[in-house]
Amino acid sequence: MRIEKIILAIAGVFAGLFVAGIAFYIYQTTQTISPSNIKTITLQKPTPDVNAVPLSVDSPADESVTSSKIVTVSGKTQPQATIVVTTDTTDTVVKPSSSGAFSLTVTLATGENRIFLLAVMPDGSESQKVLTVNVTTEDF
Amino acid sequence: MKKITSGLLLLFLCVLSMQSVFAATTPTPTASVSQSEQQINNLKDRIASRVAQLNLVEKKGFIGTVSDVSETQITLTDMQGADRIVDVDELTKFSSPSAKSSFGISDISKGQLVGVIGLYNKDSRRLLARWIDVLKLPQIFSGAVLTVDKDNFTFTIATVDNQSIAIDVENITKTNAYTSAAGVAKSGFSKLSPGIRVLVVGFPDAKNKNLIVASRILVFPDLKSNPKITLINPTDIAPITPSTGSGKTLTPITK
């Protein structure tokens, strides 16, 4: 008698789950979304900047403080590029080595100075960088 | 017996007092060691604290435009567009090229271009200023020539961000050209033609802020202009009124 009750209870639970599943399926299939509520999201691939020229500066460090007015500007770019280094008072143009490395010296004024670097490829594509280099002989 | 007892008592007191005097003047070896250890530990702590302080603080300097100013603090917008906080104390020195007398934080106003040198705290990302200088720096433009007005010695350039900038050439303007064969050599206004790559360094005109009075022009006849630059039709560009340098504006003669 007890076993029969347990079997009946289990069968009842399964039957209930089956009916609830069918009811849920029927409810979901009858749901419709109006076209105005549908939003199309297009994931755009970032367009590569084909004109950017790799330009890295090893020295001087941006926002650095130095006691010497003569500063070596060195870095790396494409070997075919032309490098223009402009300070607030002078312009210097150099060609990098076959490895793309470049190095030159510039003379800065006491206080805050900007060094503007421009790398230009033969096709006209370019990269720019601006550094701030500070010259002071005073200790602080 | 009494005499002997009082004599012994006196001797005992003398010995006791002498012992206490010696104990006070001569430290015990244990006390000496612990004291020197304490001194070494103090020194170690001070060195460690100083090293940590030196690692946390570095000398730095940057240029920015004043966006906010108070009695003890200046907020700058640097060249990358980021906000930078600068602390000012009694050791901070101020200077300005146009200041005739003493110049201080009360003379700093919004919109001024200033350079700051001081101690930068990596943790708080604030700079304790030692020098604050109001700057008048030239502007640098890289672009391609759009139009050339040979009568008025003016020309316009287009930059990579497709800005059109009017340039005025004065007697003080130094014009050079770079070629791979000759390097940097002296050049002139006549070498400028539409489409050519140039680098211009100059200051905004006193009367017309949209006009740049060139102090240096570097022409690149060998290098192509940036393909990103749109060279618009020259007729779409408004004519430039040249600067007289004295503040007077010349009006072009129309026939």
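The exercises below work through a predicted model of two chains, each with a solution in steps.

Residues are numbered from 1 along each chain as its sequence is written, and chains are lettered from A in the order in which they are written. Because this is a predicted model, local features need a pLDDT of at least 70, side-chain atom pairs count only at pLDDT 80 or more, and totals for chains, interfaces and linings use all residues.

**Exercise 1. Judge the confidence of the model, and find a stretch of chain B that calls for caution.**

Step 1. For the model as a whole, the scores are ipTM 0.70 and pTM 0.69.

Step 2. The average pLDDT of chain B (pLDDT being the predictor's confidence in each residue, from 0 to 100) is 83, and 77% of the residues reach at least 70. In residues 20-26 of chain B, however, the pLDDT is below 50, and beyond near neighbours in sequence this stretch has zero contacts in the model, where a contact requires two C-beta atoms, placed from the backbone, to lie within 7 Å.

Step 3. Where pLDDT is low, the predicted coordinates should not be read in detail.

**Exercise 2. Describe the sheets of chain A: which strands do they contain, and in what order?**

Step 1. Strands here are DSSP runs of E with at least two residues, helices are runs of H or I with at least four, and both are numbered from the N terminus. Two strands pair if DSSP finds at least two bridges between them.

Step 2. One open sheet of chain A has three strands in the order β1-β3-β6, with antiparallel pairing. Its edges are β1 (56-59) and β6 (101-107), each of which has a single partner strand, so one side of each is left without a neighbour in the sheet. Between β1(A) and β3 (residues 70-76) of chain A there are three bridges, and A:V57 is found opposite A:G75 in β3(A).

Step 3. Another open sheet of chain A has five strands in the order β2-β8-β7-β4-β5, and here the pairing is mixed. On average, and with direction ignored, neighbouring strands of this sheet are turned by 25° against each other, the axes being lines fitted to C-alpha atoms and the angles running from 0 to 180 degrees between N-to-C directions. Four bridges pair β4(A) with β5(A) in the antiparallel sense, and A:T86 stands opposite A:D91 in β5(A).

**Exercise 3. Is helix α1 of chain A buried or in the open?**

Step 1. Helix α1 (residues 2-30) of chain A contains 29 residues and spans 43 Å from its first C-alpha to its last, close to the 42 Å expected at 1.5 Å a residue; the expected span is 1.5 Å times one less than the number of residues.

Step 2. A residue counts as buried if 20 or more other C-beta atoms (placed from the backbone) lie within 10 Å of its own, as exposed if 12 or fewer do, and as partly exposed in between. Of the 29 residues of α1(A), zero are buried, so the helix lies largely in the open.

**Exercise 4. Place A:L131 and A:N134 in their surroundings, and state what each is in contact with.**

Step 1. A:L131 lies in strand β8 of chain A, and A:N134 belongs to β8 (residues 126-135) of chain A as well.

Step 2. A:L131 is buried because 21 other C-beta atoms lie within 10 Å, and A:N134 counts as buried because it has 25 C-beta neighbours inside 10 Å.

Step 3. Neighbours within four places in sequence aside, A:L131 is in contact with A:V57, A:P60, A:D62 and A:I115. One of these, A:P60, is in the loop between β1 and β2 of chain A and is joined to A:S59 by a cis peptide bond, with omega about -5°.

Step 4. On the same terms, the contacts of A:N134 are A:V65, A:G111, A:E112, B:G61 and B:I117.

**Exercise 5. Describe the side of chain A that touches chain B.**

Step 1. The contact involves 25 residues from chain A and 27 residues from chain B. On the side of chain A, β4 (82-86), β5 (91-94), β7 (111-120) and β8 each supply at least two residues, and β7(A) gives the most, with six residues.

Step 2. The residues of this side of chain A divide into eight nonpolar, 10 polar and seven charged; Ala, Val, Leu, Ile, Met, Phe, Trp, Tyr, Cys and Pro count as nonpolar, Asp, Glu, Lys and Arg as charged, and the others, Gly among them, as polar.
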